[in-house]
Amino acid sequence: MAESSKWVDFHKDISLEGIKRSFWNNRLYPLAKDEYAATEHDNFLALAITVRDRIVERWAKTQQRYHKNNLKRVYYLSMEFLIGRLLGNYIYNLGLEKVVPEALSEMGMKLEDLREQEVDTGLGNGGLGRLAACFLDSMATLGIPAHGYGIRYDYGIFQQKIVNGYQVELPDEWLRLGCPWEFARPEYTVKIHFYGRVDEVREKDGTRKKIWIDTQDVLAVPYDIPIPGYKNDVINTLRLWSARSTEEFDLEYFNSGDYEQAVYRKIFSENISKVLYPNDSQVQGKELRLKQEYFFTAASISDIFRRFKVENADFKKLPNQAVIQLNDTHPALAITELMRVLIDDEGLDWEQAWGITRKTFAYTNHTLMPEALECWTVDLLERVLPRHLQIIYEINDWFIKEIRRKFPNDDNRVARMSLIGEGYTKHARMAYLSVVGSFSVNGVSALHSELLKSRVFKDFYEFYPEKFNNKTNGITQRRWLLKSNPELSTLITKTIGDEWTTNLAHINKILPLKDNASFRNQWAAIKLNNKKALSEYILKNHNIKVDPTALFDVQVKRMHEYKRQMLFTLYVIAQYVRIIENPKSFSQPRVCIIGGKAAPGYALAKLIIKFINNVSEVINNDKKTKNKLQLFFLENYRVSLAEKIFPASDLSEQISTAGTEASGTGNMKFMLNGALTIGTLDGANVEMAQLLNKDEIFIFGLKDQEVQELRTKGYNPQPYISQSQVLKKVYDLITSGTFNKNAPGLFDQLIDNIFVKDPYLVCADFDSYCQTQEAVSQEFQNKDAWVMKSIANVARTGHFSSDRTIRQYAQEIWNIPCCK
């Protein structure tokens with residue numbers, strides 16, 4: 001007993017000597033390295049295990065409390081969790097931010113050096129996955145019993161290399177050196193079924209039952225990552241599923257010498273969790289994507305049932321004990337899987353099962369883009385998931401009867417709302433299934449939620465008005481200010497206290513300090529230090545020297561036409577033309593930074609990257625632009641790089657076409673770090689503009705209603721080009737081949753897309769954008785006024801904390817209390 005107590009204390013000790021002793025033991029015993037043999041990565045692993053040891057007991061106690069009290073839990077299903085690096089986050093959340101650096105220093109090491117050894121856990125593509133990670137942090141910090149569920153991809157979002165201006169995708173081998181944070185849980189492995197056929201058998205009582213037979217099976221093996229709350233001893237769980245074959249290899253094939261065929265089934269099965277978002281431009285890619293979505297939702301439903309059954313026997317109580325939140329449309333198959341389990345495995349009748357299901361699920365929609373409202377062809381579903389297609393048809397039959405009851409003789413409405421689309425290929429509309437099968441449907445910004453009701457789900461809102469609500473997205477201030485901008489967070493805490501770390505509304509206490517000259521000077525000095533740090537990164541990794549006193553004008557986000565990286569690039573070209581024609585008229589030096597990844601199958605987005613790099617090469621190598629204008633594309637944008645970019649930025653580019661961005665969270669991260677925003681009234685920009693004074697944000701361009709009216713009339717970009725002297729010069733420079741002298745015709749598709757088709761109204765917003773940018777240049781030259789606006793932006797970010805968002809989910813959707 002005494003030995004056991006000593007062992008527990010050893011792993012709990014958070015004193016300086018305790019951390020050092022734990023580090024030495026972890027390096028020597030689990031890693032078998034001493035101070036002479038250990039590499040920098042070994043030292044990172046030793047520190048990671050040291051930190052992890054101080055999580056484990058808290059984790060066990062948290063889960064015991066949830067079980068003992070039979071608490072209602074949130075199950076958060078998401079295809080993406082872009083959690084990035086975890087070491088620094090864990091250190092802050094455990095309250096070790098002072099003792100760990102000191103302990104390392106005494107051992108001759110620096111925390112920053114070891115943190116650089118950690119690989120980004122890139123299990124997501126952009127805002128969706130990063131939001132999920134912020135939500136997990138907030139749920140744990142608010143003491144909400146929650147579990148995240150996703151896929152443990154062998155290869156996450158690809159590593160982006162820029163070669164001769166082109167994006168080249170390299171595999172993201174994030175598991176190559178192991179992950180010190182995950183715990184394998186093979187005892188909870190779940191068998192997942194695919195393909196096969198559905199038969200019907202008669203039970204002893206005369207009822208008929210559907211059975212799914214002749215299936216091909218795959219094992220879902222869970223790996224758990226702890227999610228610590230901020231200094232509250234709550235540790236929630238992110239469970240990620242990895243696909244394993246039911247057979248390692250076929251011995252008969254192996255013995256006959258056909259070694260490839262011997263392992264074929266193993267490889268085929270395990271492809272499911274191999275890659276995040278396989279290229280679905282081919283049939284095989286679409287099938288793999290469907291299998292990924294069913295694989296993790298089916299495994300998660302099984303796991304939820306297992307946990308529910310430990311303390312409960314009556315399935316009618318499931319909605320009282322569990323709420324399953326669908327993070328966008330990808331996990332929609334969970335609805336049909338819950339129905340299948342309740343009916344086929346647990347023996348409930350259809351009406352009972354449907355009643356339970358509709359009270360258990362809640363659905364968050366994250367997009368206004370039609371292509372993101374997933375549809376699966378009936379042929380594909382029938383082949384891969386035949387039982388689930390039957391259930392979709394059954395739900396649709398029920399739903400159509402409901403529509404006809406409420407809107408008799410309205411066949412057009414029935415056709416519009418049917419879960420089965422009758423187009424060129426018959427398909428299942430998964431977003432519609434999510435709406436019908438959930439008790440709550442929310443958008444992620446005020447504008448987005450209104451557009452869901454008036455446009456995307458208009459018929460459904462008229463049918464189910466009580467389901468629809470808004471939950472504006474948020475970010476965790478603990479990662480995006482406390483951790484990523486330590487100098488600024490220290491200044492804020494020293495000045496107003498640390499309450500803002502768990503209640504960001506308190507950060508508004510710094511607002512009066514914008515009139516304090518000493519505070520402004522400290523604020524400006526910290527911004528300059530952050531810009532110098534980013535400049536050093538750029539020099540080291542891109543061999544480009546930048547002036548940290550210039551205006552850092554930044555657009556970093558997923559590459560997509562609607563996000564309008566081309567609009568920013570056209571503005572940079574316009575400034576280049578201005579310098580060439582009249583250098584004296586150019587007064588404000590700028591460093592223009594663009595970063596983001598294009599989906600491997602998105603040819604036009606990849607061409608935009610090539611165009612940006614070619615423009616960059618021309619501008620940066622022209623002596624006339626020296627000390628005036630620079631443009632470059634930051635390679636391999638990721639969470640750890642974002643933590644360097646946001647604190648260093650002066651101007652945040654949030655310039656999507658009005659009515660296309662659901663919310664955006666990058667805009668919030670920039671704002672939280674003191675950057676001013678230039679943007680359209682789109683997504684959460686609308687709420688930012690409402691919270692800020694007019695001179696503290698730079699709004700331009702057409703509003704959503706104006707965009708719709710222009711498109712209805714028949715939009716043609718040509719008049720905008722001919723009427724704008726600046727845009728005409730930019731057009732002439734591009735079409736003359738200035739940026740592709742050695743490759744005639746290279747950008748013809750891009751030129752046609754922007755200057756002929758212009759689906760996202762780049763030309764229509766160009767002049768307004770340039771005029772607003774001119775105002776930015778004038779404002780930036782008044783350094784004191786700019787710093788005052790920067791302070792005001794940070795002071796008004798309280799609304800954009802993910803803690804606020806999660807409180808709203810908990811109170812208004814999940815019916816779960818937040819607790820310490």
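**Figure 1. Strand 13 in the predicted model, with its burial on both faces.** Strand 13 is largely enclosed by the rest of the structure, because 6 of its 6 residues are buried. Ala322, Ile324 and Leu326 point one way from the strand. Val323, Gln325 and Asn327 point the other way, and these residues too are buried.

**Figure 2. Strand 13 and its pairing with strand 1 and strand 14.** Strand 1 (residues 73-77) runs parallel to strand 13, and 5 bridges join the two. In this pairing Val74 stands opposite Val323 of strand 13. Strand 14 (residues 361-364) is also parallel to strand 13, to which 4 bridges join it. Here Asn327 of strand 13 stands opposite Thr364 of strand 14. Both Val323 and Asn327 are buried, and they point the same way from strand 13.

**Figure 3. Asp328, in the loop between strand 13 and helix 13.** The loop that holds Asp328 runs between strand 13 (322-327) and helix 13 (333-345). Asp328 is buried but has no salt bridge. The nearest side chain of opposite charge is that of Arg289, 7.9 Å away; a salt bridge needs a side-chain nitrogen of Lys or Arg within 4 Å of a carboxyl oxygen of Asp or Glu. Leaving out residues up to four places away in sequence, Asp328 touches Leu128, Tyr363, Thr364, Asn365 and His366. One of these contacts, Thr364, is the residue of strand 14 that stands opposite Asn327.

**Figure 4. Helix 13, its length and its covering.** The 13 residues of helix 13 should span 18 Å at 1.5 Å a residue, and the end C-alpha atoms are 17 Å apart, which agrees. The helix is mostly covered, with 12 of its 13 residues buried. Among the buried residues are the charged Glu337, Arg340 and Asp344. Others in the buried set are Leu333, Ala334, Ile335, Thr336, Leu338, Met339, Val341, Leu342 and Ile343. An α-helix has 3.6 residues a turn, so residues three or four places apart point the same way. After the helix comes Gly347, which has a positive phi near 80°.

**Figure 5. The open antiparallel sheet of strands 15, 17 and 16.** This sheet has 3 strands in the order 15-17-16, with antiparallel pairing. Strand 15 (375-377) and strand 16 (420-422) stand at the edges; each has a single partner strand, so one side of each is left without a neighbour in the sheet. Direction ignored, neighbouring strands of the sheet are turned by 35° against each other on average. Between strand 15 and strand 17 (residues 426-429), which run antiparallel, there are 3 bridges. Thr377 has His427 of strand 17 as its bridge partner.

**Figure 6. The open parallel sheet of 6 strands, seen at strand 22 and helix 23.** The strand order is 22-21-20-23-24-25, and the pairing is parallel. At the edges are strand 22 (629-634) and strand 25 (698-699), each of which pairs on one side only. Strand 22 is joined by 6 bridges to strand 21 (residues 590-595), and the two run parallel. Leu629 of strand 22 is the bridge partner of Arg590. Helix 23 (residues 517-542) packs on the sheet and touches strand 20 (551-556), strand 21 and strand 22. The direction of helix 23 makes about 70° with that of strand 22.

**Figure 7. Strand 24 of the parallel sheet, covered on both faces.** Strand 24 (residues 676-679) has Leu676 and Ile678 on one side and Thr677 and Gly679 on the other, and all are buried. Strand 23 (residues 651-654) runs parallel to strand 24, and 4 bridges join them. Ile678 of strand 24 has Glu653 standing opposite.

**Figure 8. Asn164 and Lys231, two loop residues with positive phi.** Asn164 lies in the loop between strand 5 (159-163) and strand 6 (166-170). Its phi is near 55°, a positive value in a residue other than glycine. Asn164 is exposed, with a relative accessible area of 63%. Lys231 lies in the loop between strand 11 (216-228) and strand 12 (235-245). The phi of Lys231 is also positive, near 50°, in a residue other than glycine. At 43% relative accessibility, Lys231 counts as partly exposed.

Conventions. Residues numbered from 1 in each chain as written. Heavy atoms only, no water. Buried < 20%, exposed > 50% of the residue type's maximum accessible area, 1.4 Å probe, protein only. Contact = heavy atoms within 4.5 Å. Pairing = 2+ DSSP bridges. Axes fitted to C-alpha atoms, helices over the stretch in contact; angles between N-to-C directions. Expected span 1.5 Å × (residues − 1).
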